[in-house]
Amino acid sequence: MDVLYHALGGVAIAKSMGSPDLLAAAAAAIAPDIMGIIPFYSIKFTEAIRIPGNTFTQTYAHLLRSNKFAGTWDMAAYRSTHTLYGAAFFSLCMFVVFPDQWRILSISYLSHILIDIPTHEGDFATRILYPLSDIHIRGLNWSTNLKLFLFFWLMLAVIMFLLWQT
Ligand SMILES: [Zn+2]
């Protein structure tokens, strides 16, 4: 799902666990994308500026929507942060650095991976055991499937509404 969705998912997790630190949970929930997608965006940016003419914006948007990695580096970065091993490493780091909040931060990070499983397809399908296994579910692409997108947002809206009623 999109970054805003993941951030609000982290907020909902923190709220449900009684934590006042909603922003930290939001940051942990978007960490897989922030850490894992930068090489993809950088490589596509470099590809777009190489194309002559005045079409950078269109070309860049087209390349980002391609849903295909440029090579092994951007693929490895993305998949490393979207795996259970990446989540375990993140959790260990949070345990050391933020011992009072590591549970909420770890669950927020893990929520990102679980949400991405049914909402990504193709190259970006979540490989939860990467790099040891390529096993994955053929989900649907949230950016091209409006029904899926609205369903997930509606579910989150209901959860947020219920959380803020109590
Ligand atoms: Zn993601």
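This is a short walk through the helices of the model above, one selection at a time.

Before you click, note that this is a predicted model, where local features need pLDDT of at least 70, side-chain atom pairs count only at pLDDT 80 or more, and totals for chains, interfaces and linings use all residues. Residues are numbered from 1 along each chain as its sequence is written.

**Stop 1: the core**

Start by selecting Val11, Ala25, Ala29 and Tyr109. In the largest nonpolar core, which has 20 residues, these four touch the most other members. A nonpolar core here is a set of buried Ala, Val, Leu, Ile, Met, Phe, Trp, Tyr and Cys residues joined through C-beta atoms within 7 Å. "Buried" means 20 or more other C-beta atoms within 10 Å of the residue's own; 12 or fewer makes it exposed, anything in between partly exposed, and C-beta atoms are placed from the backbone.

Now colour helix 1 (3–16), helix 2 (22–50), helix 5 (84–97) and helix 6 (102–119): each supplies at least two residues of this core. Helices are DSSP runs (H or I, at least four residues), numbered from the N terminus. As background, nonpolar side chains in soluble globular proteins tend to be buried together.

Zoom in on Tyr109. Setting aside residues up to four places away in sequence, Tyr109 touches Ala28, Ala29, Ala31, Pro32, Ala87 and Phe90. Contact means that the two C-beta atoms, placed from the backbone, lie within 7 Å.

**Stop 2: helix 1 against helix 2**

Next, show just helix 1 and helix 2. At what angle do they pack? It is about 140°, with the axes 7 Å apart. The axes are lines fitted to C-alpha atoms over the stretch in contact, and angles run from 0 to 180 degrees between N-to-C directions. Helix 1 and helix 2 are therefore oblique to each other; the scheme calls angles under 35 degrees roughly parallel, over 145 roughly antiparallel, 65 to 115 roughly perpendicular and the rest oblique. Helix 1 passes helix 2 in a right-handed crossing, the near helix being turned clockwise from the far one by less than a right angle (anticlockwise would be left-handed).

To see the contact, select Val3, His6, Ala7, Gly9, Gly10, Val11, Ile13, Ala14 and Lys15 on helix 1, then Leu22, Ala25, Ala26, Ala28, Ala29, Ile30 and Asp33 on helix 2. By class, that contact has 11 nonpolar, three polar and two charged residues. Ala, Val, Leu, Ile, Met, Phe, Trp, Tyr, Cys and Pro count as nonpolar, Asp, Glu, Lys and Arg as charged, and the others, Gly among them, as polar.

Stay on Val11, in helix 1. Val11 counts as buried because it has 20 C-beta neighbours inside 10 Å. Beyond its neighbours within four places in sequence, Val11 is in contact with Leu22, Ala25 and Ala26.

**Stop 3: helix 2 against helix 4**

Keep helix 2 and add helix 4 (residues 72–81); the two axes come within 8 Å and cross at roughly 170°. Helix 2 and helix 4 are therefore roughly antiparallel to each other. On helix 2, pick Pro32, Met35, Gly36, Ile37, Pro39, Phe40 and Ile43; they meet Trp73, Asp74, Ala77, Tyr78, Ser80 and Thr81 in helix 4. Nine nonpolar, three polar and one charged residues make up this contact.

Is Ala77 buried or exposed? Ala77 is partly exposed, because 18 other C-beta atoms lie within 10 Å. Measure from Ala77 to Met35, C-alpha to C-alpha: they sit 7.6 Å apart in space but 42 residues apart in sequence. Ala77 also touches Gly36 and Pro39, not counting residues up to four places away in sequence.

**Stop 4: helix 2 against helix 3**

Slide along to helix 3 (residues 56–64), whose axis comes within 9 Å of that of helix 2, crossing at roughly 140°. That makes helix 2 oblique to helix 3. Lys44, Phe45, Glu47, Ala48 and Ile49 of helix 2 make the contact with Phe56, Thr59, Tyr60, Leu63 and Leu64 of helix 3.

**Stop 5: three last clicks**

- Asp116, in helix 6, is buried, with 20 other C-beta atoms within 10 Å. Asp116 touches Met1, His82 and Thr126, not counting residues up to four places away in sequence.
- Pro131 is in the loop between helix 6 and helix 7 (146–165), and the peptide bond from Tyr130 to Pro131 is cis, with omega near 5°.
- Val158, in helix 7, counts as exposed, with 10 C-beta neighbours inside 10 Å.
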